[in-house]
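Here are my notes after a pass through the model, as numbered points. Have the viewer open while you read.

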Amino acid sequence: MCGIAGYVGPRNAVEVVYDQLKRLEYRGYDSAGIAYRDNGNIAVIKRAGKLSELGKMLGEVPTDAHQAIAHSRWATHGAPTDINAHPHYDAFENVAIIHNGIIENYLDLRDELMSRGHTFHSQTDTEIAAHVIGEEYDKGVPLEEAVRLGVKRLRGAFAMVVVSKREEDKIVAVRNASPLVVGLGEHENLLASDIPALLPYTRRVVIVEENDIVVLTPERVRIVDGDGRDVPVVEQHIEWDIAAAERGGYEHFMLKEIHEQPQVIRQAIAGRIDEQGHVRLEHVFSEHVWSDIDRVNIIACGTAYHAGLMGKYLFEKLLRLPTDVYFSSEFRYGDPILSPKSLAIFVSQSGETADTLAALRLCKERRIRTLGIVNVVGSSIARECDRTIFTQAGPEISVASTKAYTAQVTVLTLLALYIAQIQETAGVRVKSWVDDLVRMPELAEKCLLLEPQIEQLCRRIKDTNLCFFLGRGADAYVAMEGALKFKEIAYIPTQEQPAGEMKHGPLALVQQGVVAIFGATDPYHVDKTMSNLKEVQARGGTILAITTENDSIMEKAAESTLKIPACSHPFLTALLSAIPYQLIAYHVARLNGHEIDQPRNLAKSVTVE
Ligand code: F6R
């Protein structure tokens, strides 16, 4: 989840890598550092805190360095301090390295190195790795060979970038379960942990494969495998425009991404619905495979898990296909019972979440069919699943996920319809669902128009110290996602569950001053939800209802009502209600003066357990 950057070429290298880090800030931001060439040595500057703290040091560095690597850290081993910030040197300051991930055997390695007289300045596993690679380099081999041999002594998941004093204008990097991308330029080459950091410089990229080692000089990119054999450098062209990875005039990435959702739904269905109103999914299993599937397991974390709950609702309701949803971290260690005829679906925005990736590998070992629903093309989960459907939501920068969720649920809906179509499932009117899906972007636009009303309403609830998020059916699942957004950025404790569960315990928490947001968009559940509303209201809770334009029941009881347009399928109306929930979290956080795009203690892409 840390940010990695590297540059070698004629420009001011320190300036380039600092700019790259700025574009990667969402990956981690508790400290940052740069190593650059200076008079035949490798100099290092680093600082705890925001990237701007490192920025203040840039005035002190020479402008003629043509080789630099940089890192923004999200601590795993050792507190976020200046000393623990990357880069780290080896014992003789011959090499400097930056690293994303975890070295699992670092304690054993530290003991081994200490027995040979090594001393360490930091508490990081990265410094141990630097000493290991330094030992190999001291044998007189080229840097790439030192990295290749050093990495064989390390266990864990990491991407690592190394520069040396002896070999000017050479950067060596290795990928082991953490993302790494090369940018190809004219007389210059770059490296990054994610594509947006390369886009201002080039659109020609190479995705580094697992266990490969890449060697960058200004004129050449060479890749070798773990045995030192050359492997082909496969270039891809990135079509994203830079503005798509930047804020586009909004105050925060999160707000921009919330507003992108009409377009995101359009993109998610683009090319997947034909003129006859049939769902067409490419690169999924052939038709006969779907009839063989007896059970679905959806595996994901956080917001993607909540999207998975929506998938379960639909697969069971529409297809009568038994579906379970697991947190990846529980699944991977839970010795799951997996039917050989089951399908495991992995939902992930980044495609790099460590627990989800591990769960995927477990399923592959057990020879279970795997399908990814992933946003980032070229990511590990996307590449390792038997089949992958991309959500096509574009880069999501805000740590709090919004548009990825909407895209994930849209794709799960398409998938359920696709299966219904193949199996000719009785009672499923695919055409009417498709008609709704096609209207969704326009309806999502209407939900966004509620923003001024939501902003006003947030002024009334921003000081609460407990907020309930309640609903029934699909409304309950979306409410859970609403609660996650709220705690992530508003930092206000939440209690979320199906509304019918209130009287089995949580009702005890209701007293004067608490807020309860009821999602009540499904007419089938409205009467029952209304009873739950009354229970909370009678005990002093302030009630806000998210309901539809057709509602005449909830509005009578709730203190405030947000009315969204209704689809003909209530499941899709519930999905639209994610938008007001996201805006509520956003405006409460903003009114309370929080940092929206980088909430405390969180990082965008969780590539460690
Ligand atoms: C919440 C959020 C996280 C992610 C989770 C999974 O707003 O962003 O809960 O959803 O870390 O990440 P991906 O989808 O990248 O696997």
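1. Start with the side chain of Glu396, where a polar atom sits 3.0 Å from the backbone nitrogen of Ala404. The backbone nitrogen of Lys403 is also there, 3.3 Å from a polar atom of the Glu396 side chain. Bear in mind throughout that this is a predicted model. Glu396 itself belongs to the loop that runs between strand S20 (387–390) and helix H13 (403–423).

2. Is Glu396 buried or exposed? Its relative accessibility is 4%, so Glu396 counts as buried, the cut-off being under 20%. Leaving aside neighbours within four places in sequence, Glu396 touches Glu257, Gln349, Ser401, Thr402, Lys403, Ala404 and Lys604. I'd look at that list with the charged names in mind: Glu257, Lys403 and Lys604 are among them.

3. Next, the sheet that S20 belongs to. It is an open sheet of 5 strands, ordered S17-S16-S18-S19-S20, and the pairing is parallel. Strand S17 (323–327) and S20 are the edge strands, each pairing on one side only. Ignoring direction, neighbouring strands in this sheet are turned by 20° against each other on average.

4. For a closer look inside that sheet, take strand S16 (residues 295–300) and strand S18 (residues 342–348): they run parallel and are joined by 5 bridges. One pair to click on is Arg295, whose bridge partner in S18 is Ser342.

5. Which helices lie against these strands? Helix H11 (residues 354–365) lies across S16, S18 and strand S19 (369–374), and runs at about 160° to S18. H13 packs on the sheet too, touching S16, S18, S19 and S20, with its direction making about 140° with that of S19. This is the helix at the far end of the Glu396 loop from S20.

6. There is another open sheet of 5 strands, and its order is S22-S21-S23-S24-S25, again with parallel pairing. Strand S22 (494–498) and S25 stand at its edges with a single partner strand each, so one side of each has no neighbour in the sheet. The twist from one strand to the next averages 15°.

7. How well covered is the edge strand S25? Strand S25 (residues 560–564) is mostly covered, with 4 of its 5 residues buried. Its link to strand S24 (residues 542–548) is parallel and consists of 5 bridges; Ala545 has Thr561 of S25 as its bridge partner.

8. At the other edge, strand S21 (residues 467–471) and S22 run parallel, joined by 5 bridges. Phe469 stands opposite Glu496 of S22. On this sheet, helix H17 (residues 526–538) lies across strand S23 (515–519) and S24, at about 175° to S23.

9. Pro506 is worth a stop on the way from S22 to S23, since the loop between those strands holds it. At 15% relative accessibility, Pro506 counts as buried. Its C-alpha atom is 9.2 Å from that of Glu496, 10 residues apart along the chain. Beyond neighbours within four places in sequence, Pro506 is in contact with Phe468, Gln495, Gln497 and Glu501.

10. Now a helix pair. Helix H7 (residues 261–269) and helix H14 (residues 430–448) pack with axes 8 Å apart, at an angle of about 170°. They are therefore roughly antiparallel to each other. On the H7 side the contact is made by Pro262, Ile265, Arg266 and Ile269; H14 brings in Leu437, Val438, Met440, Pro441, Ala444, Glu445 and Leu448. By class, that contact has 9 nonpolar, 2 charged and no polar residues.

11. Last, Ser122, in the loop between helix H3 (106–115) and helix H4 (125–137). Ser122 is buried, its relative accessible area being 11%. The Ser122 side chain makes polar contacts with the side chains of Thr124, at 2.8 Å, and Glu127, at 2.7 Å. Leaving aside neighbours within four places in sequence, Ser122 is in contact with Ile83, Asn84, His88 and Glu127.

Technical notes: Residues numbered from 1 in each chain as written. Predicted model: local features only at pLDDT ≥ 70, side-chain atom pairs only at ≥ 80, totals over all residues. Heavy atoms only, no water. Axes fitted to C-alpha atoms, helices over the stretch in contact; angles between N-to-C directions. Helix = DSSP H or I, 4+ residues; strand = E, 2+ residues; numbered from the N terminus. Parallel < 35°, antiparallel > 145°, perpendicular 65-115°, else oblique. Contact = heavy atoms within 4.5 Å. Buried < 20%, exposed > 50% of the residue type's maximum accessible area, 1.4 Å probe, protein only. Polar contact = N/O pair within 3.5 Å; in protein donor to acceptor, adjacent residues only side chain to side chain. Pairing = 2+ DSSP bridges.
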